[in-house]
Amino acid sequence: MKPGVVPLGDSAVLVQLGDEIDLTVNHRVHTLANLITTSAITGIIETVPAYATLLVHYDALILSFTQIKNILREKLTQIQENESRQPRRIEVPVRYGEELGPDLESVASNCGLRVEDVIRIHSEKIYTVYMMGFTPGYPYMGKLDDALSMPRLETPRTRVPAGTVAIAGSQTGIYSIESPGGWNLIGWTPLKLFDPNSDSPFLFAPGDEVKFIAEE
Amino acid sequence: MNVALQVLSMSLEVVDINGLATIQDSGRIGWRRFGVPSSGPMDAFAFHAAKKLAGNASNCAAIEIGLGDITLRAKRDCVIAVAGVGYNLSIYVWDFPLWSSYYVRAGWTIRLTKLDSGMWAYIAISGGVQTQPILDSVSTNLRGHFGGLDGRPLQAGDVLRSGTPSRSLNELAARTLPESALPSYSDNPVVDFIMGPQGNYFADESIATFMSQEYTVSNTSDRIGYRLEGAALKHRRKAELISEGMTMGAIQIPSNGQPIVMMADSPTTGGYPKIGTVASADLLFLAQCVPGKSKIRFQETTVAKAQRKYRELMNGLDRIVESD
């Protein structure tokens with residue numbers, strides 16, 4: 001897919017780099033985001049990476065759509081030449097199963113696996129934080145091994161505790177605050193994903209690499 | 001800060017409230033890539049007008065009130081300014097028009113009574129409402145329970161602090177924004193929107209429907225989103241896409257074909273096709289609709305026209321008439 005720059009209203013533009021969940025495309029999104037941030041362009045307010053797109057919020061009193069489109073088109077050519085990344089690596093201790101991972105067994109039986117295999121398969125890969133959204137600090141990560149592919153729950157739960165580790169489709173996530181949730185809950189981490197009063201309020205950032213470590 | 005200073009800066013007490021009041025500044029900017037919505041005012045124009053009328057700087061906060069009444073009591077002499085739609089303002093024993101600033105003496109009550117039209121008003125106080133910033137903003141994030149006053153709506157008994165007024169109270173009082181600078185609010189507005197990015201997810205007939213028919217603003221509308229009821233739009237193919245960033249004003253069309261317009265507290269990303277985005281200058285028209293009653297129509301515009309309209313609108317704030 002040819003990258004496109006389209007308006008999302010009069011104060012944001014969407015840079016479209018793909019239309020599927022794909023790690024290579026997602027890495028390009030993060031590279032572009034970093035490039036724009038380090039360029040510190042007057043009038044660009046902030047960027048929001050997603051799977052295959054980057055939303056750029058800008059001040060319409062400073063930049064016209066034509067101006068921002070040209071700036072971003074230029075940045076797009078720069079990322080093709082410069083694709084090296086140095087993502088942070090974050091380790092996440094997980095207590096699999098038990099009370100806070102109530103779906104672990106049904107995931108195992110649905111996938112035709114033993115519980116130990118689900119834990120091993122989930123925790124052996126290094127995931128990329130594709131994007132964040134839904135609630136402050138919630139990471140959408142992938143790519144989850146196909147062997148663990150499960151649909152979302154038909155009826156979402158009304159309250160999922162913060163720290164709960166979950167899977168759905170080709171992704172894995174961690175609930176960052178207590179909220180409703182429709183993913184399959186397989187474990188829990190004591191790490192705090194979001195603390196509004198802290199100097200570092202967020203455990204994760206888009207583009208980070210994540211490794212789950214099963215706690216005994 | 002010593003106790004005496006703390007007491008001196010206490011300025012407004014909430015006596016009574018039956019609406020939804022939250023502390024908002026111009027918005028929580030810089031954290032959207034972490035999933036933090038921008039929050040901030042539903043009607044940015046009225047918010048900035050109240051703020052400017054009270055002589056406050058750019059990042060000062062005000063009280064947003066909607067859906068019902070609020071009564072405040074001044075704990076010390078101050079200047080307040082009120083701007084918005086659908087409220088009657090009375091200070092002490094007199095009624096006053098909105099879009100102006102007023103000298104309020106310690107002990108006087110300020111009452112905003114909800115009328116049948118409109119939705120939101122902003123009460124700014126000289127020196128701005130002061131509270132602990134969270135993630136660089138004092139805007140209230142209701143879903144996340146942070147920002148503003150402990151992340152919650154105001155309730156009777158709350159006492160709000162204010163900062164130092166930018167000028168003397170006499171200089172700040174009796175200023176007004178003339179009617180010529182005000183947008184033409186309406187109970188049934190026409191709302192400009194910019195097409196896309198998923199315009200191509202909808203058949204031509206659906207797009208034509210979207211642009212010609214009336215939508216009722218549902219009474220389930222809130223600070224997260226305004227739901228619209230009308231003829232359902234049909235998706236050409238899938239009713240979902242992989243999530244992408246969203247902004248206030250984005251018009252999502254979920255599988256039931258009924259549009260939802262993202263508002264101040266909407267999530268930062270979403271996976272439903274967006275037929276378009278409301279122009280920034282027209283968000284205030286939609287925000288001031290009456291849920292369950294108002295009907296709106298959409299009108300397509302270009303980014304260039306929308307930006308020009310927005311610029312003219314915000315430049316209108318410079319036309320504040322000073323007191324004599």
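Author: Before we look at what packs against what, one idea is needed: two residues are in contact if their C-beta atoms, placed from the backbone, lie within 7 Å. Please also keep in mind that this is a predicted model.

Reader: With that in hand, which elements of chain A do the buried residues of α4(A) pack against?

Author: They pack against β5 (89-96), α3 (104-110), β10 (171-174), β12 (184-188) and β13 (209-214) of chain A. The buried residues of this helix, which runs over residues 115-124, are V118(A), I119(A) and H122(A).

Reader: Why do the buried residues of α4(A) line one face of the helix?

Author: The way to read this is to look down the axis of α4(A), where the buried residues fall within an arc of 95 degrees, and so they line one face. On the other side of α4(A) stand E116(A), R120(A) and E124(A), which are exposed.

Reader: One of those partners was β10(A); which strands does β10(A) pair with?

Author: Strand β7 (residues 139-142) of chain A pairs with β10(A) in the antiparallel sense, over two bridges, and there Y140(A) has G173(A) as its bridge partner. Strand β9(A) also pairs with β10(A) in the antiparallel sense, over four bridges, with Q171(A) as the bridge partner of A168(A). The hairpin formed by β9(A) and β10(A) has two residues between the strands, and in it G169(A) takes a positive phi near 55 degrees.

Reader: Staying with β9, which is residues 164-168 of chain A, I see V165(A) in that strand; why does V165(A) count as buried?

Author: Burial is judged here by counting neighbours, and a residue is buried if 20 or more other C-beta atoms lie within 10 Å of its own. V165(A) has 25 C-beta neighbours inside 10 Å, and therefore counts as buried. Leaving aside residues up to four places away in sequence, V165(A) touches V94(A), I174(A), I186(A), G187(A), W188(A) and T189(A). V165(A) and L185(A), although 20 residues apart in sequence, are 5.9 Å apart in space, C-alpha to C-alpha.

Reader: Stepping back from single residues, how is chain A divided?

Author: Chain A is divided into domain 1 (4-81) and domain 2 (89-214), and the C-alpha centres of these two domains of chain A lie 28 Å apart. Across the boundary, seven residues of domain 1 of chain A are in contact with eight residues of domain 2 of chain A. Helix α1 (residues 23-39) of chain A gives the most to the domain 1 side, with three residues, and by class that side has five nonpolar, two polar and no charged residues.

Reader: How should I read the interface between the chains, and how many residues of chain B are in contact with chain A?

Author: The size of an interface is often given as the accessible area lost when the parts come together. Here we can read it through contacts instead: 35 residues of chain B are in contact with 38 residues of chain A. On the chain B side, the largest share, seven residues, comes from α6(B), while by class that side has 18 nonpolar, 13 polar and four charged residues.

Reader: Finally, what is the radius of gyration of chain B, and why does the value agree with a compact globule?

Author: A compact globule of 324 residues would have a radius of gyration near 20 Å, and because chain B has 20 Å, the two agree. Chain B has six helices and 21 strands, its C-alpha trace spans about 65 × 40 × 35 Å along its principal axes, and 52% of its 324 residues count as buried.

How values were computed:
Residues numbered from 1 in each chain as written. Chains lettered and ligands numbered in written order. Predicted model: local features only at pLDDT ≥ 70, side-chain atom pairs only at ≥ 80, totals over all residues. Domains from an automatic or database assignment. Nonpolar A, V, L, I, M, F, W, Y, C, P; charged D, E, K, R; others polar. Rg over C-alpha atoms; globule rule 2.2 N^0.38 Å. Buried ≥ 20, exposed ≤ 12 C-beta atoms within 10 Å, placed from the backbone. Arc of directions from axis to C-beta. Pairing = 2+ DSSP bridges.
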